[in-house]
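Open your viewer and have the selection tool ready. We will go from one stop to the next, choosing residues and looking at what is around them.

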Amino acid sequence: MNINVSRSKFLYGRFRKLKLYLDDEYSSEIKAGESIVIDIPPNAKNIHGKMDWDWRTTNVLSIENIGEGEQIAIEGHLTLNSFRWLGFLSIPIRLKREMI
């Protein structure tokens, strides 16, 4: 199944690509402000993103039962926690499912 993935422009990681992983296997990369279509295998259970040296991760999003008319939106969120900005915790970027 092909799913649209869009990434908003946000201050954090604006000039870096976000690597997307399906069930911990590399799938593709996406730039800020970009929209891509990725092929999701029927047995895929989740998706998450990594940035830089692959130890800075986003949340893990379940893609089981994702259907037509849904897309994955990648958005930055404001945080005052400096550990998140430095990537010691999860990075301040969220993946979420939304209707087109």
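The tour visits a turn, a charged patch, some salt bridges and a polar contact.

**Before you click**

This is a predicted model, in which local features need pLDDT of at least 70 and side-chain atom pairs count only at pLDDT 80 or more, while totals for chains, interfaces and linings use all residues. Residues are numbered from 1 along each chain as its sequence is written, and side-chain values use heavy atoms, with hydrogens and water left out.

**Stop 1: the loop between strands 2 and 3**

Select Asp23, which sits in the loop joining strand 2 (18–22) to strand 3 (25–30). Strands here are DSSP runs of E with at least two residues, helices are runs of H or I with at least four, and both are numbered from the N terminus. Look at the backbone: phi of Asp23 is near 50 degrees, a positive value in a residue other than glycine.

Now add Asp24, found in that loop between strand 2 and strand 3. Its phi is near 65 degrees, again a positive value in a residue other than glycine.

Which of the terms buried, partly exposed or exposed fits Asp24? Asp24 is exposed, at 61% relative accessible area, whereas Asp23 is partly exposed at 31%. The classes are buried for under 20% relative accessible area, exposed for over 50%, and partly exposed in between (1.4 Å probe, protein chains only). The areas themselves come from the Shrake-Rupley method with a 1.4 Å probe, and for residues only the protein chains shown count as cover.

**Stop 2: a negative patch**

Keep those two selected and add Glu25 and Glu64: Asp23, Asp24, Glu25 and Glu64 form a negative surface patch. A patch takes residues with over 30% relative accessible area and no salt bridge, joining like charges within 9 Å and nonpolar side chains (Val, Leu, Ile, Met, Phe, Trp, Tyr) within 5 Å. Asp and Glu count as negative, Lys and Arg as positive, and His and the chain ends are not counted. To check distances, place each charge at CG of Asp, CD of Glu, NZ of Lys or CZ of Arg.

**Stop 3: the salt bridges**

How many salt bridges are there? The count is three, using a side-chain nitrogen of Lys or Arg within 4 Å of a carboxyl oxygen of Asp or Glu as the rule.

Begin with Lys17 and Glu29, whose closest N and O atoms are 3.6 Å apart. This pair links distant parts of the chain, with Lys17 in the loop between strand 1 (2–7) and strand 2, and Glu29 in strand 3, twelve residues apart. Lys17 is partly exposed at 43%, and Glu29 is partly exposed at 31%.

Next, pick Arg97 and Glu70, bridged at 3.1 Å between the closest N and O atoms. Arg97 belongs to strand 9 (residues 93–99) and Glu70 to strand 8, 27 residues apart. Here Arg97 is partly exposed at 29%, but Glu70 is buried at 16%.

Then show Glu75 and Lys96, whose side chains form a salt bridge at 3.3 Å, N to O. Glu75 is in strand 8 and Lys96 in strand 9, so this pair ties together parts that are 21 residues apart in sequence.

**Stop 4: a polar contact**

Finish on Gln71, in strand 8 (residues 70–76). Gln71 counts as buried at 12% relative accessibility. Show side chains, and you will find Gln71 in a polar contact with the side chain of Asn4 at 2.7 Å. A polar contact is a pair of N or O atoms within 3.5 Å; within protein, one must be able to donate a hydrogen and the other to accept it, and residues adjacent in sequence count only if both atoms are side-chain atoms.
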